[in-house]
Structures are given as structure tokens and as C-alpha cells.
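Hello,

Here is the structure I promised to pass on. My notes on what turned up in it follow.

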Amino acid sequence: MRERVEAAGRRFARLATRAVVAHPSLWRIFRAPLRRQFGSLASSWESRIGPEGLLPLGAALDRLTASPRKALDLGTGSGKAARVVAQRFPEAEVVGVDLAPEMVEEAKRLRPGNLGGRVDFQVADGAELPFADGEFDLVVLQNMIPFFEELGRVTAPGGRAIFAFSRGAQTPIWVPPETLRARLERVGFGDFQELAAGSGTALLAAREDPS
């Protein structure tokens, strides 16, 4: 029974991803059920992605040519990607946001004491972020539905965005790289780099500097 429920959840996440990427206005329909779905998974989420699932993110971080000053982890879940970024860049301030309050509480619980001063977790909707224009010079999405207009708004000119998928096209929340490129170009991103690591994939993009 549990396996059938989880399989249905994965199918729903993929359906929601495809629908919202194609038609962002549909997010109003999917927002509440996805919040409930992921909130119910919070207590077990940390164990669902092992170290191998973070290899694509790590490979993309290796490509960065400068350490970020302030980083945003969208759809942070239990905070794994935020912790990876904070440990990789000891000077960076990192903010992790998630739609599900239960996930944010779990991320706070799992946050190591030595990261407490510069890693924060907040409840926020990726489609309506409570941050200033250009506030982040690194934005990370680990298995997360992208909201392109907001990504373009909060990423600083010259900043980077990373889209990492733990199991590549088999990840329930997955966006094809050609779709990512096309949509990101519309909001001012370029210099795309596609990567593969372990069984996953990632795309690294740069926010173009108008100056």
C-alpha cells in the first residue's frame, strides 16, 4: 500500500512540474496539494536522497569561478543542498526556502550548530519570493520546480543558477535541459553548461550583466 501511495505521489509531482513549467498560472491549482504532499514527507525526507544524489550539485558547484556572497536554495526540503553550499563556501550567507512549513522545521532541526550563524531557513513560495531584486549571486534548485520570472528577478547580474536533478530524467521533478535553456534565456540567463554526475544531471546558467 505504501509503495502505491509513494508511486502516486511521484506521478503527481511530475504532472505538476510539467503543467506549471508550461503554464505558470496553474501553480495556484497545484500549490496547496504539493505543500501537503511534501509536508507529510518531512520526517523521512533526509534519508530519501543519499550522497550520490548530491553529486550533480557538487559537480556544478565545482564549475563556479568565484565564491558566492549570498546563496539561495529554492525548495530546500530538509536543507541538504543548503548545507552543501554553506560547507563548500565558508564565507557565504545561505538562505533555504520551502513551501512546506514542516520541511523548514526539519531543516532547522538538522542544521549543524556551526552553521547557525549564516544558514537560515524560511517558509516561502518560489513563485513569490520575499527577497529584493538581485539579492543572490547563487541560486540552487535541487529537484525543484523553477519559476523563471522570479529566478531572473532575485539573481544578481553576473550571478549563477544551478538546476540539479538527482536521477536525471528519472527524477519526479525534472525539467529537460532544452526547456530550461529556452525559458532562462527569456529572463536574462546565458552561458549554459550541462553536466552529468552519478545517475543525475545539472545545468549551470549565468545571469547576464546588462552593463
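The buried residues of helix 5 are covered by elements that include helix 4, strand 1, strand 2, helix 6, strand 3 and strand 4. The residues in question are Lys80, Ala81, Ala82, Arg83, Val85 and Ala86, each of them buried in helix 5. Please keep in mind throughout that this is a predicted model.

Lys80 also turns up in the surroundings of Leu54, which sits in the loop between helix 3 and helix 4 (55–62). Leu54 counts as buried, at 17% relative accessibility. Leaving out residues up to four places away in sequence, Leu54 touches Lys80, Val84 and Gln142. Pro130 lies 76 residues from Leu54 along the chain, and 27 Å separates the C-alpha atoms of the two.

A further lysine, Lys70, belongs to strand 1. Lys70 is buried, with a relative accessible area of 12%. Apart from neighbours within four places in sequence, its contacts are Glu93, Val95, Glu135, Phe136, Asp137 and Leu138.

Next, helix 6, which spans residues 101–110. Its buried residues are Met103, Val104, Glu106 and Ala107. These residues lie on the same side of helix 6 because they cover an arc of only 160° around the axis. The face turned away from that buried side carries Glu105 and Arg109, both exposed. Among the elements that cover the buried residues of helix 6 are helix 2 (27–40), helix 3 (42–45), strand 2 (93–98) and strand 3 (119–123).

On the nonpolar cores: the largest has 42 residues, and within it Leu72, Leu74, Phe163 and Leu184 touch the most other members. Helix 1 (residues 2–22) supplies the largest share of this core, five residues. A second core, separate from that one, has 27 residues, including Ala81, Phe89, Leu115 and Val140. Ala81 is also one of the buried residues of helix 5 listed above.

For Phe163, the residues touched are Leu141, Pro146, Leu151, Leu180, Leu184, Thr201, Ala202 and Leu203, again not counting residues up to four places away in sequence. Leu184 is thus both a contact of Phe163 and one of the residues of the largest core that touch the most other members.

Now the pockets. The largest pocket holds about 980 Å³ of space. Its lining consists of 46 residues, and those nearest the centre are Phe38, Trp45, Ile49, Asn143 and Ile173. By type, the lining of the largest pocket divides into 20 nonpolar, 16 polar and 10 charged residues. Helix 2 gives the most to this lining, with six residues. At least two residues each come from helix 1, helix 2, strand 1 (70–74), helix 5 (80–88) and strand 2.

The second largest pocket has a volume of about 210 Å³. It is lined by 14 residues, with Pro24, Phe147, Phe148, Glu149 and Arg183 nearest its centre. Helix 1, helix 2, helix 7 and helix 8 (177–186) are the elements that give two or more residues to this lining. Of these, helix 7 provides the largest share, three residues. The lining of the second largest pocket contains nine nonpolar and five charged residues, and no polar ones.

Finally, two backbone angles. Most residues other than glycine have a negative phi. Asn143 is not a glycine, yet its phi is positive, at about 55°. Asn143 is placed in the loop between strand 4 (136–142) and helix 7 (148–154). This residue is buried, with a relative accessible area of 16%, and is one of those nearest the centre of the largest pocket.

The other case is Asp191, whose phi is near 50°, again positive in a residue other than glycine. Asp191 is located in strand 6 (residues 189–197). Is Asp191 buried or exposed? Its relative accessibility is 51%, and the cut-off for exposed is over 50%, so Asp191 counts as exposed.

Regards

Technical notes: Residues are numbered from 1 along each chain as its sequence is written. This is a predicted model: local features need pLDDT of at least 70, side-chain atom pairs count only at pLDDT 80 or more; totals for chains, interfaces and linings use all residues. Side-chain values use heavy atoms; hydrogens and water are left out. A nonpolar core is a set of buried Ala, Val, Leu, Ile, Met, Phe, Trp, Tyr and Cys residues joined through side-chain atoms within 4.5 Å. Buried means under 20% relative accessible area, exposed over 50%, partly exposed in between (1.4 Å probe, protein chains only). Helices (H or I, at least four residues) and strands (E, at least two) are DSSP runs, numbered from the N terminus. Contact means heavy atoms within 4.5 Å. The arc is that of the directions from the helix axis to the C-beta atoms. On a 1 Å grid over the protein atoms alone, a cavity is a set of points where a 1.4 Å probe fits but cannot get out, and a pocket is an open set with protein on both sides within 12 Å along at least five of seven lines; lining residues have an atom within 4 Å of a point. Grid points are joined across faces, edges and corners, and a volume is the space filled by probe spheres set on the points. Ala, Val, Leu, Ile, Met, Phe, Trp, Tyr, Cys and Pro count as nonpolar, Asp, Glu, Lys and Arg as charged, and the others, Gly among them, as polar.
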